[in-house]
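User: I should like to go through the helix packing of this protein step by step. Please begin with how helices are assigned.

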Amino acid sequence: MDEPLAAIAPTESATPTALSVSLDLWSNSDGSTPIEILALLKAIARLEQVVDQETQSLRAGETPAFEDLNYRKSHGLLELTRAMRLVDPLSIGDDLRDRLESFRDQLERNRLLLKTHLDATREISAILTAAIRDAESDGTYAPPQRMWTLPQ
């Protein structure tokens, strides 16, 4: 059974993108790429773009639009999952495996930045909670505070 093929037009930009370089690796002798591989590479490229945008925002100390990014990542994951179902696992070559591993590394860097951001948010929340509790308390039920310290 013949695989469906999609013709890939050359990009007009002077600098090749990661997607165009990856497509060159998969092109047949007639310049076409199997549509399954094309769908997978496009899904990876779109997800890389979203994850990179979030990572750059976090590194710059900005608060990313988490709702929009979450929606785009969820949509991208669905697209990637559907594309992966179309590709025969035995036909995945080293170049595509390398591309997927590179994407996994990018996701890991993003996860670490998100974890740092979340940990900082939790710490700030705990400080604010303690400050509010202390401001609202009249000290009636608080444990006694020592006004002196033991000599060392």
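Analyst: Helices here are DSSP runs of H or I with at least four residues, numbered from the N terminus. The model is a predicted one.

User: Which helix holds Ile124, a member of the nonpolar surface patch?

Analyst: The patch is made by Ile124, Leu128 and Ile132 and covers about 290 Å². Residues 94-136 form a single helix, and Ile124 is found in that helix, H4.

User: How are H2 and H3 oriented to each other, roughly parallel or roughly antiparallel?

Analyst: The axes of H2 (residues 35-59) and H3 (residues 66-86) come within 9 Å and cross at roughly 155 degrees. Angles over 145 degrees count as roughly antiparallel. H2 and H3 are therefore roughly antiparallel.

User: Which residues of H3 make the contact with H2?

Analyst: H2 passes H3 in a left-handed crossing. On the H2 side, the contact includes Leu40, Leu47 and Val51. On the H3 side, the residues are Phe66, Leu69, Arg72, Lys73, Gly76, Leu77, Glu79, Leu80, Ala83, Met84 and Leu86.

User: What is the orientation of H2 relative to H4?

Analyst: The axes of H2 and H4 come within 10 Å and cross at roughly 25 degrees. Because angles under 35 degrees count as roughly parallel, this crossing makes H2 and H4 roughly parallel.

User: Which residue of H4 forms a salt bridge with Glu48 of H2?

Analyst: Side chains of opposite charge can pair when their charged atoms come close. The criterion for a salt bridge is a nitrogen-to-oxygen distance within 4 Å, and the closest N and O atoms of the Glu48 pair are 2.8 Å apart. The pair links distant parts of the chain, 51 residues apart, from helix H2 to helix H4. The partner of Glu48 is Arg99.

User: How many salt bridges are counted by this rule?

Analyst: The pair of Glu48 and Arg99 forms a salt bridge. By the rule of a distance within 4 Å, the count comes to 8.

User: Which residues of H4 make the contact with H3?

Analyst: H3 and H4 pack at about 150 degrees, with axes 15 Å apart, and are therefore roughly antiparallel. Their crossing is left-handed. H3 contributes Phe66, Lys73 and Leu80 to the contact. The residues of H4 are Phe103, Asn110, Leu114 and His117.

Conventions. Residues numbered from 1 in each chain as written. Predicted model: local features only at pLDDT ≥ 70, side-chain atom pairs only at ≥ 80, totals over all residues. Heavy atoms only, no water. Patch = residues over 30% accessible without salt bridge, like charges linked within 9 Å, V, L, I, M, F, W, Y side chains within 5 Å. Areas by Shrake-Rupley, 256 points an atom, 1.4 Å probe, with all protein chains shown as cover. Salt bridge = Lys/Arg side-chain N within 4 Å of Asp/Glu carboxyl O. Helix = DSSP H or I, 4+ residues; strand = E, 2+ residues; numbered from the N terminus. Axes fitted to C-alpha atoms, helices over the stretch in contact; angles between N-to-C directions. Parallel < 35°, antiparallel > 145°, perpendicular 65-115°, else oblique. Left-handed = near helix turned anticlockwise from the far one by under 90°. Contact = heavy atoms within 4.5 Å.
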